[in-house]
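Subject: Structure handover

Hello,

Here is the structure we talked about passing on. Please keep it with your notes; what I found in it comes after the coordinates.

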Amino acid sequence: MLNKKTVDDINVKGKKVLVRCDFNVPLQDGKITDENRLVAALPTIKKLVKDGGKIILCSHLGKPKGEPKPELSLAPVAARLTELLGQEVKFAKDDEVVGPNAKAAVAAMKDGDIILLENTRYRAEETKNIDTFSQDLASLCDVFVNDAFGTAHRAHCSNVGVTKYVKTAVVGYLMQKEIEFLGNAVNNPKRPFVAILGGSKVSSKISVINNLLDKVDTLIIGGGMAYTFMKASGEEVGNSLLEEDYLDYAKEMMAKAKEKGVNLLIPVDTVVGKEFSNDTEFKTVGRGQIEPGWEGLDIGEKTCKIYADAVKDAKTVVWNGPMGVFEFPNFAKGTNAVAKALSEIDGTTIIGGGDSAAAVNILGYGDKMTHISTGGGASLEFLEGKELPGVAAANDK
Ligand code: AMP
């Protein structure tokens, strides 16, 4: 159970409540192309409005690198939130984020009103967690709510620094939900517990592999990281992604799996292409058969079947990272097969954020999963067993 205070533990009637959300949504020509993160933030906002707080929302968007960049303004988010909530979300346009406009907008608020501040990363202090901006943010509010799981693995002004200056700091419903799903899966899983790891590199998931080997019954490896494991098992991998520096590590992890009785699965066949493109010549080859001049871009059909069988009776599955270059339709079959297999099981399915969440949604299995995390980096750090600074900073129960 979460040992942090939540929005259910406070009384916000008449109070100014600063809510750190994760509105870091993809934008194309000023239009939001995926609004999952906005929708995920609504329950907390609605609860605080109902309780009569004055709601001041804030978030970062993209990487403006500490200065105003009009294309990374949160104005389109305010407009879309207004539609989603059926209530005006006033945009407090202010290049200083907490400048004269934002202060005046806050001063004019009535109970139940909502405003949205400008992109917190317009301020250079934000990502360095420098006190001046934390104090500015704190000066606007009586209570702080952190509902931004996507940035919980970073210690920035708007999620960590600000809590130094606001006595009451709690987490919102989204944060609570993310921590409970991921936390239960990792620390108290219903078994069999299967983890599926893919994506490009072993190096970015070292601690995740190590930590999960202490917890899972089966660990499935796919994607670009599989080739380092294949090479470590003595197979040739041609031009496939390979991290030579991590071969010993891969061997160590295979030995650890054996010692712990974990069923570690690596691909038995591979879809290889001549070049890194969708239209390249491709074929499927068996174990150890990747020739020079070819690179692995997806898991093969036999592997898909083995992986689907391995999750069939699972009661908990955590998945992070695609099985192949799913952005290319010719090499999306492995990722698709795993998503389909997960959508059919009678167990809890948890998808780490980032690419795996995008893949599951693009492939149309989004509503079949128990939980899709809104945080890529944050969910990975969670799976590593780390305490997230954005969570740690909230008041204990
Ligand atoms: P990550 O950010 O580490 O989870 O990696 C996700 C990326 O890994 C996606 O963009 C995939 O296209 C890429 N990926 C998956 N499989 C392969 C592969 N076999 N070769 C190269 N890249 C891959």
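Below are notes on one sheet and on two pockets.

Please bear in mind that this is a predicted model.

The sheet

The sheet is open and has 6 strands, paired in parallel. Read across, the order is β5-β6-β4-β1-β7-β8. The edge positions are taken by β5 (89–92) and β8 (168–171); each has a single partner strand, so one side of each has no neighbour in the sheet. From one strand to the next, the twist averages 25 degrees.

At the β5 edge, the partner is β6 (residues 114–117), and the two strands run parallel, joined by 4 bridges. For a point of reference when you look at this pair, Phe91 stands opposite Leu116 in β6.

The largest pocket

The largest pocket holds about 920 Å³ of space. Its lining is made up of 41 residues, and those nearest the centre are Asp22, Arg37, Thr374, Gly375 and Gly376. Both domains take part: domain 1 (7–176) and domain 2 (189–383) each give at least three residues to the lining of this pocket.

Which elements each supply at least two residues of that lining? They are α1 (36–50), α5 (173–187), α11 (355–362), β17 (371–372) and α12 (376–383). The largest share comes from α1, with 4 residues. Sorted by class, the lining of the largest pocket has 19 polar, 11 nonpolar and 11 charged residues.

The second largest pocket

The volume of the second largest pocket is about 520 Å³. It is lined by 29 residues, and Gly199, Ser200, Lys201, Pro322 and Asp355 are the closest to its centre. Two or more lining residues come from each of β14 (295–299), α11 and α12. Of the elements, β14 gives the most to this lining, namely 4 residues. By class, the lining of the second largest pocket has 14 polar, 9 nonpolar and 6 charged residues.

If you open both pockets side by side, α11 and α12 are worth marking. These helices are listed among the elements that supply at least two residues to the lining of the largest pocket, and they are listed again for the second largest pocket, with two or more residues each. By contrast, α1 is the main contributor to the largest pocket, while β14 has that place in the second largest.

Regards

Key:
Residues numbered from 1 in each chain as written. Predicted model: local features only at pLDDT ≥ 70, side-chain atom pairs only at ≥ 80, totals over all residues. Heavy atoms only, no water. Pairing = 2+ DSSP bridges. Axes fitted to C-alpha atoms, helices over the stretch in contact; angles between N-to-C directions. 1 Å grid on protein atoms, 1.4 Å probe; cavity = no way out; pocket = protein on both sides within 12 Å on 5 of 7 lines; lining within 4 Å. Points joined across faces, edges and corners; volume = space filled by probe spheres on them. Nonpolar A, V, L, I, M, F, W, Y, C, P; charged D, E, K, R; others polar. Domains from an automatic or database assignment.
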